[in-house]
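Reader: Please take a close look at the buried part of this chain, and describe which residues make it up and what they touch. I would like a connected account rather than a list, with a word on how confident the prediction is.

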Amino acid sequence: MSTFGERLKKEREMRGISQQELANRLNLSQSSVAYYEKDRKQPSQNTLTKIADFFDLDVDYLLGRTEKPQQVNENTTSYMSDRRNDADTTIHLLEKEARKLGLSPSDPKFLEMLSNAFDLLRIARGQDKE
């Protein structure tokens with residue numbers, strides 16, 4: 001049976017997310033994510049819940065209590081997961097481009113770029129900016 005750390009790493013890598021990106025999205029340090037993945041440290045209940053919610057997986061699967069990943073809400077999970085993956089992919093690509101320009105994801109110029117990108121998506125879909 002896989003450990004929590006092995007499953008966390010697998011889920012993170014399947015989504016193409018670095019340890020630092022996951023840490024940023026969950027308000028953790030990169031070293032905490034690394035320790036979790038190496039099973040040197042276990043997350044608090046609150047952090048475990050945030051990780052499960054982020055990956056849209058059941059805590060029991062992450063903890064190795066079950067072999068099959070159970071999605072939390074099977075009625076809406078597929079739709080929401082697709083939307084989250086689309087948003088994650090978009091944000092990941094924008095962050096990558098920002099880094100190429102020498103900007104950090106928290107830089108106001110990057111945030112403006114992100115806002116402009118979503119404005120363009122709304123226009124393309126025929127939805128005016130509200």
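Author: The accessible surface of the chain comes to about 8600 Å², and 49% of that area belongs to carbon and sulfur atoms. The model is a predicted one, with an average pLDDT of 80 over the chain and a score of at least 70 for 82% of the residues. Confidence varies among the elements, from a mean pLDDT of 96 in helix H3 (residues 30-37), the highest, down to 66 in helix H6 (residues 77-100), the lowest.

The chain contains seven helices and zero strands, and 31% of its 130 residues count as buried. Among the contacts with a separation of 6 or more, 49% join residues that are 24 or more positions apart.

The buried part is best approached through its largest nonpolar core, which has 17 residues; the members that touch the most others are Phe4, Leu8, Leu22, Ile51, Phe55 and Leu62. At least two residues of this core come from each of helix H1 (4-14), helix H2 (19-26), H3, H4 and helix H5 (59-62). The greatest contribution is that of H4, which gives five residues.

Within H4, Ile51 is a good place to begin, and with a relative accessibility of 1% this residue counts as buried because the cut-off is under 20%. Once the neighbours within four places in sequence are left aside, Ile51 is in contact with Phe4, Leu8, Leu26, Tyr36 and Leu62. Ile51 can also be placed relative to Leu22, since the two C-alpha atoms are 9.0 Å apart in space although 29 residues separate them in sequence. Seen from the other side of one of these contacts, Leu8 reaches Leu22, Val33, Tyr36, Glu37, Ile51 and Phe55, again leaving aside neighbours within four places in sequence.

Thr47 is another residue of H4, which spans residues 45-55, and its relative accessible area of 9% means that Thr47 is buried too. Not counting residues up to four places away in sequence, Thr47 touches Leu28 and Tyr36; Tyr36 is also among the contacts of Ile51 and of Leu8. Thr47 has a polar partner as well, because a contact of 3.1 Å joins its side chain to that of Ser44, within the 3.5 Å limit for such pairs.

Polar residues in H2 deserve the same attention. Gln19 is found in this helix, and its relative accessibility of 19% lies under the 20% cut-off, so Gln19 still counts as buried. Beyond its neighbours within four places in sequence, Gln19 is in contact with Arg12, Gln30, Val33, Ala34 and Glu37. Two of these partners are reached by polar side-chain contacts, namely Gln30 at 2.4 Å and Glu37 at 2.8 Å. The C-alpha atoms of Gln19 and Ser29, ten residues apart along the chain, are separated by 9.0 Å.

Glu21 also has its place in H2, and its relative accessible area of 7% makes Glu21 a buried residue. Apart from neighbours within four places in sequence, Glu21 is in contact with Gly16, His92, Glu95 and Arg99. Some caution fits here, as H6, which covers residues 77-100, is the element with the lowest mean pLDDT.

The loops on either side of H4 each hold a residue with an unusual backbone angle to check. Asp39, in the loop between H3 and H4, has a positive phi of about 60 degrees although it is not a glycine. Asp56, in the loop between H4 and H5, likewise has a positive phi, near 60 degrees, in a residue other than glycine. Their exposure can be told apart, because Asp39 has 31% relative accessibility and counts as partly exposed, whereas Asp56, with a relative accessible area of 12%, is buried.

Farther along the sequence, helix H7 (residues 108-124) has 17 residues and spans 24 Å from its first C-alpha to its last, close to the 24 Å expected at 1.5 Å a residue. The buried residues of H7 are Phe110, Leu114 and Asp119.

How values were computed: Residues are numbered from 1 along each chain as its sequence is written. Side-chain values use heavy atoms; hydrogens and water are left out. pLDDT is the predictor's confidence in each residue, from 0 to 100. Helices (H or I, at least four residues) and strands (E, at least two) are DSSP runs, numbered from the N terminus. Buried means under 20% relative accessible area, exposed over 50%, partly exposed in between (1.4 Å probe, protein chains only). A polar contact is a pair of N or O atoms within 3.5 Å; within protein, one must be able to donate a hydrogen and the other to accept it, and residues adjacent in sequence count only if both atoms are side-chain atoms. Contact means heavy atoms within 4.5 Å. The expected span of a helix is 1.5 Å times one less than its number of residues. A nonpolar core is a set of buried Ala, Val, Leu, Ile, Met, Phe, Trp, Tyr and Cys residues joined through side-chain atoms within 4.5 Å. Accessible areas come from the Shrake-Rupley method with a 1.4 Å probe; for residues, only the protein chains shown count as cover.
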